[in-house]
Amino acid sequence: MIERIWSGRSAIYVLLLPLSLLYGLISHLLRLSYVWGWRKAWRAPVPVVVVGNLTAGGNGKTPVVIWLVQSLQRRGLRVGVVSRGYGGRAAHYPLVLDANTRTAEAGDEPVLIYQRTGAAVAVSPKRREAVEALLADGAIDIIVTDDGLQHYALARDFEIVVVDGERRFGNGWWLPAGPMRERAGRLKTVSAVINNGGVPYPDELAMQLVPGPAINLLSGAERDAVTLENVIAMAGIGHPPRFFNTLRQLGVSPLKEVAFADHQNYSAATLSALIEPGQTLLMTEKDAVKARSFACPDWWYLPVDAVLPEAEPLLARIQTLSES
């Protein structure tokens, strides 16, 4: 239902417009309070790059963060990552991740970023505290924030917005009548726009999410996803249809597709109940980081990597920040 409302295919959004106008007014005034100096943003002693979006969920932001961190690491930079830690609740903040940090504490995306990149990662509702914790913990050349485009209390040197190339901005309205956190005009003020999976507009960088082989949660064995038998597909991400469409493009025809809410926590009983003997459970990597501790032998996940063929100038601009 929410997809129909946000895409403009349902007139129900009209009933939500008063709330959207209130949301838009508050968010606009909040941004202006920092632009006009009514509130003071904290500036870190190292460059800060924000990777965020204008719409709610499912744009491919986390794969872009992983790509960016790995790309900067290959250029010799020591990268730290900070996040709000949605879906997790730590006993204390800021929380600096280590190999034993659970998704219940830090959230699924920070744990995934930590496991894929090996970068220093910290989470806190106040991103300044997360940045300070990383700087106190070791030498950092540059900070990448996972989300936080609208977190204006943290000053930033570079803003990257990830846009869903197929859905774009739906009906264009603020939450809850539409998917927008900020209106599309905000793109004129950011440093770069990455178009995920669609035809890029002028001055947008094209990106594709490219799947790798399926990986077994227990053994780490790899197989082409199309060779898995009797697949039950599940996804607890911002836009589950993207994952299911990817499987079909690979030639996988799931017996059933199960969509969960973004950042949803799982139990062994919940996921075990999805499949019967002889069936295979295939999930996203973001789901896998939450399920690995109680995984069964017939559970697999499909990793994806962000591929940006024309991104060298972008990376060079960001590297320059750390050298100034």
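Here's a walk through this predicted model, from its sheet to the helices and then the cores.

Start with the sheet. Nine strands make it up, and the sheet is open, with mixed pairing. Reading across, the order goes β3-β4-β2-β5-β1-β6-β7-β8-β15. The ends of that list are the edges: β3 (95–96) and β15 (304–307) each have a single partner strand, so one side of each is left without a neighbour in the sheet.

For a look at one pairing, zoom in on β7 and β8. Strand β7 covers residues 192–196 and β8 covers residues 204–211; the two run parallel, joined by four bridges. Within this stretch, N195 sits opposite A206 in β8.

Now for the helices. Helix α3, residues 61–74, lies across β1 (48–52), β2 (79–83), β5 (142–146), β6 (158–164), β7, β8 and β15. Its direction makes an angle of about 170 degrees with β5. Helix α5 (residues 108–117) lies across β2, β4 (120–123), β5 and β15, and here the angle of about 170 degrees is to β4.

What about the packing? Nonpolar side chains in soluble globular proteins tend to be buried together. In this model, the largest nonpolar core has 38 residues, and the members touching the most others are W67, L68, L72, I160 and I318. The element giving the most to this core is α3, with seven residues. Take L68: leaving aside neighbours within four places in sequence, L68 is in contact with V49, V51, V144, I160, L315 and I318. Apart from that core lies another, of 23 residues, including A122, I143, V163 and V193.

Notes. Residues are numbered from 1 along each chain as its sequence is written. This is a predicted model: local features need pLDDT of at least 70, side-chain atom pairs count only at pLDDT 80 or more; totals for chains, interfaces and linings use all residues. Side-chain values use heavy atoms; hydrogens and water are left out. Two strands pair if DSSP finds at least two bridges between them. Contact means heavy atoms within 4.5 Å. Axes are lines fitted to C-alpha atoms, for helices over the stretch in contact, and angles run from 0 to 180 degrees between N-to-C directions. A nonpolar core is a set of buried Ala, Val, Leu, Ile, Met, Phe, Trp, Tyr and Cys residues joined through side-chain atoms within 4.5 Å. Buried means under 20% relative accessible area, exposed over 50%, partly exposed in between (1.4 Å probe, protein chains only).
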